[in-house]
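Open your viewer, keep the selection box handy, and let's take a walk through this model together.

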Amino acid sequence: MVTLIITLLSLLFVFCGFYFAKTSKEMPKNWYELKTELRYQYIGLVGLAHDFIYRSRDRVALYKQPGRVAVITGGNRGIGLRTVEKLLACDITVIMGVRDPVSAKAAVTSVVDLSTSDGKLICETLDICDFKSVNEFAEKIKARYNKVDLLINNAGIMFAPFKLTADGNESHIATNYLGHFLLTHLLMPELKAAGKEGKNSRVVNISSCVNLIGRINYNDINGIKHYYPGTAYSQSKLAQILATRHQQTILDAQSAHVQVNAVHPGIVDTDLFEHSATTYVPFVKKLLFKTPEQGSRTVVFAAIDPRVEGKGGTYLSNGGLGQMHPDAKNPAKCEKLFKYTCELLKIEDFGSGKI
Ligand SMILES: NC(=O)c1ccc[n+]([C@@H]2O[C@H](COP(=O)([O-])OP(=O)(O)OC[C@H]3O[C@@H](n4cnc5c(N)ncnc54)[C@H](OP(=O)(O)O)[C@@H]3O)[C@@H](O)[C@H]2O)c1
């Protein structure tokens, strides 16, 4: 036990050293930022330990579901690509919302022989952090499909330098949270149309274990007064879980056959870490992190596993329940963020699909 603790602490300091020395992420400039970094290292190590301890539980059984339709944001690489692969293996038609549909299709066909699936692959343009693009993407889906069985809110960025989107929102909150909230609202009529008693349609929000160190800063949600990338990322990932919880409350009140779950996919070796010091220690990632295929398992588990049926509003990790931020267990705090978001996005009636 002592050896394990010493090893973990050593790893922590090695990682910190790399952060301070080499990362393209902004350096901690004060005690608050340094504390944030240390908390990230701690949460990351706990996440790695969790992935290791529960590795035998991290499984998903694929089964054929022809005729079902899934929408996924991103999916051209990383966890999303392996999620698309699994959905197609289930004969589910997959609509990908991606920035470059041509290269996205090429990425999928490099890992999937489409002739082996009864599901179709459709790639449409989507820039999830741009509300106009989200609206256009949703319109295209609505024009072609009157029901959507699965919505997988996967696209994400981490530790990016400060940037405001065309709509004036900070890029983490816009990409990881606001764009997906809007898409969920716009596609809700189609999700409701697909769900039925005993077979809910499902929304899966890919959050992260770093929700545990997140805080919604209502006074400066865009980090205008003070921006730190780690804070922006954990805020956006906590926001996804708070919204998941309140959206489920609303859907339950409407007796809608739709469930919304949040997921931590594990600590996964993907390009998400491009602004992280782990870029300089690829062997550590290869050794300790999950592969994208393993990272896609809990995502697909949340999307199709019969054991999750009727268990909306939960946060899943390694094929079971994960540990949520205390705010996520406080309905008033979940509702506060939900209302704030609806106001920001000019949504008057969540789930109506109308702005
Ligand atoms: N990797 C991990 O350890 C980990 C842990 C916890 C949670 N997660 C979450 O898992 C999800 C997938 O991450 P990943 O690890 O697979 O990362 P990744 O390999 O970097 O993939 C990110 C995906 O998001 C897409 N994306 C980013 N910005 C977009 C935008 N504005 N519009 C449309 N698509 C956009 C990317 O598309 P482009 O190719 O166009 O950039 C790509 O498909 C993210 O939500 C992430 O926060 C990952």
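## A loop, a ligand and two helices

Let's start with Asn318, which counts as buried at 0% relative accessibility. The model you have open is a predicted one, and Asn318 sits in the loop between β7 (315-317) and β8 (320-321). Check its backbone: Asn318 is not a glycine, yet its phi is positive, about 45 degrees. Most residues other than glycine have a negative phi.

Keep Asn318 selected and add Asp58. These two residues are 260 apart in sequence, but their C-alpha atoms are 4.6 Å apart in space. Asp58 belongs to the loop between α2 and β1. Asp58 is buried too, with 5% relative accessibility.

**Next stop: Phe159.** Select Phe159 in the loop between β4 (150-153) and α6 (171-194). Here is another positive phi on a residue that is not a glycine, this time about 60 degrees. Is Phe159 buried or exposed? Phe159 is buried, at a relative accessible area of 3%.

Now pick Met158, which is in the loop between β4 and α6. Met158 has a relative accessible area of 6% and is buried. For a distance check, draw a line from Met158 to Gly179: the C-alpha atoms are 15 Å apart, with a sequence separation of 21 residues.

**Now the ligand.** Select the ligand and show its surroundings. How many residues surround the ligand? The answer is 30, and the closest are Asn76, Arg77, Arg99, Val268 and Thr270. Colour that shell by class and you should find 13 nonpolar, twelve polar and five charged residues. Two helices, α3 (78-89) and α7 (229-253), each supply at least two residues of this shell.

Three polar contacts are worth labelling:

- Asp127: one of its polar side-chain atoms lies 2.8 Å from a ligand nitrogen.
- Lys237: an N or O atom in its side chain is 2.8 Å from a ligand oxygen.
- Gly266: a polar atom of its backbone is 3.4 Å from a ligand oxygen.

Now switch on the ligand surface. On its own the ligand has 890 Å² of accessible area, and the protein covers 94% of that.

**On to helix α2.** Select residues 31-53, the 23 residues of helix α2. Measure between the end C-alpha atoms and you get 33 Å, in agreement with the 33 Å that 1.5 Å a residue would give. At the N-terminal end, Asn30 acts as a cap, with a side-chain oxygen 3.2 Å from the backbone nitrogen of Tyr32.

Which residues of α2 are buried? They are Glu33, Thr36, Glu37, Tyr40, Gln41, Ile43, Gly44, Leu45, Gly47, Leu48 and Asp51. While you are in helix α2, click on Val46 as well. Val46 counts as partly exposed, at 41% relative accessibility. Add Cys209 to the selection: Val46 and Cys209 are 163 residues apart in sequence, with 9.2 Å between their C-alpha atoms.

Follow the chain out of α2 into the loop that leads to β1 (69-73), and you will find Tyr63 there. Tyr63 is partly exposed, with 29% relative accessibility. From Tyr63, measure across to Lys86: the two C-alpha atoms are 9.6 Å apart, and the residues are 23 apart in sequence.

**Last stop: helix α5.** Select residues 131-144, which make up helix α5. The helix has 14 residues and reaches 20 Å from its first C-alpha to its last, close to the 20 Å expected at 1.5 Å a residue.

Show side chains for Phe131, Ser133, Val134, Phe137, Ala138 and Ile141, the buried residues of α5. Why are these buried residues on the same side of α5? They cover an arc of only 160 degrees around the axis, and that puts them on the same side of the helix. The background is simple: an α-helix has 3.6 residues a turn, so residues three or four places apart point the same way.

To finish, rotate to the face of α5 turned away from its buried side. There you will meet the exposed residues Lys132 and Ala143.

Note on methods
Residues numbered from 1 in each chain as written. Predicted model: local features only at pLDDT ≥ 70, side-chain atom pairs only at ≥ 80, totals over all residues. Heavy atoms only, no water. Near = heavy atom within 4 Å. Polar contact = N/O pair within 3.5 Å; in protein donor to acceptor, adjacent residues only side chain to side chain. Areas by Shrake-Rupley, 256 points an atom, 1.4 Å probe, with all protein chains shown as cover. Helix = DSSP H or I, 4+ residues; strand = E, 2+ residues; numbered from the N terminus. Nonpolar A, V, L, I, M, F, W, Y, C, P; charged D, E, K, R; others polar. Expected span 1.5 Å × (residues − 1). Buried < 20%, exposed > 50% of the residue type's maximum accessible area, 1.4 Å probe, protein only. Arc of directions from axis to C-beta.
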